[in-house]
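Colleague: Please take me through one part of this model up close, strand by strand if you can. I'd like to see how the pieces fit together there, and then how the surroundings look.

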Amino acid sequence: MKYCKRCVMPDTRPGIKFNEEGICYPCLTHDRRTEVDWEARWQELEELADRYRGSNGNYYDCIVTASAGKDSYYQVWTMKERLGMNPLLVSIDNFSWTQTGRENQNNMSDVFGCDMHLLSLSRKVARKLFRKGFEQQLIPCWYWDRAVYTYPLQIAIRLGIPLIVYGENINYEYGGEQTDETYSALNQINNNVVKSIPWDAWLDDEITMKDMNPLIQPTQEDIAAAGLDPIYLSYFEAWDGYRNYEVAQKFGFKSLEEEWVREGLSEHYEQIDTIGYNVHPWFKFIKFGHQHNTDILSQWIRSGRITRSEAVEQIKEKEHILDRRMLEDFLSFLQISEDHFWSVVDRFANQEILEKRDGVWRLQPQVVRALEKGGEVS
Ligand SMILES: [Zn+2]
């Protein structure tokens, strides 16, 4: 295992690559931003918008995949107000909401005046599949995550709205197998966030293919026939989650800190509309030795918002911590006991990089030393 010398990303992130100097691809990608002609890229986006604007008469002319988060605010503001489009927002409902998340969603509708098509997945099916994903692969939210990618494509085909607007290209910006810089999000389903798992792994006496409808990726033929044009906004404008947060705030977006200061996290503006869902990214710590903070702090280092040594201190202090409210909400939704939860976690804990101290999984000392200096674990 090794850490990037510049940010705090380890090579245990699935699919991430490093160069020979020990710098991760997301850092190198960030460097390349200075070579991009962003004015020309914005022009390309305007031309794309010109092509689709009003193409359905008074009906919607694009789909924006948007929930209630700060990136959603940025996407909706861009498509509706800066580019004058008539978007339909498509979202997958959360299973539990923070009060702040609800208010942000209502406020977004008040401010931008867009219709939202919200799919509420079956709680009964979700509970079973979350449990299966948790117990068999420690990926409880696969079912929900996959629907986020697939369902908007299905709706776009059904409603005849070819342009679909996503936020960032996760692999290109943060690391993963798809390192090519492209505006097209056609291949998003293969970006490691929802790895391909055969349906048989999910089906049983109670779960059938009828329960999987929202998760089915339209075929290439159907996508081509409908002329779908899914895009990453991050290709057209340099993506910065913190900048999106600042823009969202101008439109009344509220951070979570007044409602709930989440233990173990370094920020209070990402993934704040859900509660138990956030246990899912914490599992990355159990399997790969890093989770949400590493992603965020690495972004902050790249954009000059924090130094590497400050980030290292945050990770040492927080990365292993699982917030109590998150955990309780997760247990309550899956209807499992805390003992069962920890027995499954123990089964998946990566003992090459973690060790249990005082009953808590922590990074091993030699891993912490590699994190501190940036480089290989020796
Ligand atoms: Zn890096």
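Modeller: Let's settle one term before we zoom in: two strands count as paired if DSSP finds at least two bridges between them. Keep in mind, too, that this is a predicted model.

The part I'd pick is the open sheet, which has 5 strands in the order β3-β2-β1-β4-β5, with parallel pairing. At its edges are β3 (115–119) and β5 (229–232), each pairing on one side only. Ignoring direction, neighbouring strands in this sheet are turned by 25° against each other on average. As a reminder of what holds such an arrangement together, strands of a sheet pair through backbone hydrogen bonds, either parallel or antiparallel.

Now zoom in on β4, which sits between β1 and β5 in that order. On the β1 side, strand β1 (residues 62–65) and strand β4 (residues 163–166) run parallel and are joined by 2 bridges. Ile-63 has Ile-164 as its bridge partner in β4, and Val-64 is partnered there by Val-165. Turn to the other neighbour and you'll find 4 bridges between β4 and β5, again running parallel. Leu-163 has its bridge partner in β5 at Asp-229, while Tyr-166 stands opposite Tyr-232.

What about the faces of these strands? In a regular strand the side chains alternate between the two faces of the sheet. For β4, both faces are covered: Leu-163 and Val-165 are buried on one side, and Ile-164 and Tyr-166 are buried on the other. β5 is covered on both faces as well, with Asp-229 and Ile-231 buried on one side and Pro-230 and Tyr-232 buried on the other. So β5 is an edge strand by its pairing, yet the two faces of β5 are covered by the burial cut-off, which asks for 20 or more other C-beta atoms within 10 Å.

For contrast, have a look at the hairpin of β6 and β7. Strand β6 (residues 354–357) and β7 run antiparallel, joined by 4 bridges, and Leu-354 stands opposite Leu-363. The hairpin has 2 residues between the strands, and Asp-358 takes a positive phi near 50° there. Here the faces do split: along β7 (residues 360–363), Trp-361 and Leu-363 point to one face and are buried, whereas Val-360 and Arg-362 point to the other and are not.

Next, the helices. α3 (residues 70–82) packs with α9 (residues 241–250) at an angle of about 70°, and their axes are 8 Å apart. That makes α3 roughly perpendicular to α9. From α3 the contact brings in Lys-70, Asp-71, Tyr-73, Tyr-74 and Trp-77, and from α9 it brings in Gly-241, Asn-244, Tyr-245, Val-247 and Ala-248. Sorted by class, the contact residues come out as 6 nonpolar, 2 polar and 2 charged.

Stepping back, the domain assignment splits out domain 1 (36–235) and domain 2 (261–373). Their centres, taken over C-alpha atoms, are separated by 26 Å. Where they touch, domain 1 puts in 22 residues and domain 2 puts in 19 residues. On the domain 1 side, α4 (99–112) and α5 (123–137) each supply at least two residues, and α5 gives the most, with 5 residues. That side of domain 1 is made up of 9 nonpolar, 9 polar and 4 charged residues.

Finally, two glutamates to set against the buried strands. Glu-46 is in helix α2 (residues 38–52). Glu-46 has 15 other C-beta atoms within 10 Å, so it counts as partly exposed. From Glu-46 to Val-194 you travel 148 residues in sequence and 31 Å in space, C-alpha to C-alpha. The other glutamate, Glu-310, lies in helix α12 (residues 308–318). Glu-310 is partly exposed too, because 14 other C-beta atoms lie within 10 Å. Glu-310 and Leu-297 are 13 residues apart along the chain, and their C-alpha atoms are separated by 9.1 Å.

Notes:
Residues numbered from 1 in each chain as written. Predicted model: local features only at pLDDT ≥ 70, side-chain atom pairs only at ≥ 80, totals over all residues. Axes fitted to C-alpha atoms, helices over the stretch in contact; angles between N-to-C directions. Parallel < 35°, antiparallel > 145°, perpendicular 65-115°, else oblique. Contact = placed C-beta atoms within 7 Å. Nonpolar A, V, L, I, M, F, W, Y, C, P; charged D, E, K, R; others polar. Buried ≥ 20, exposed ≤ 12 C-beta atoms within 10 Å, placed from the backbone. Domains from an automatic or database assignment.
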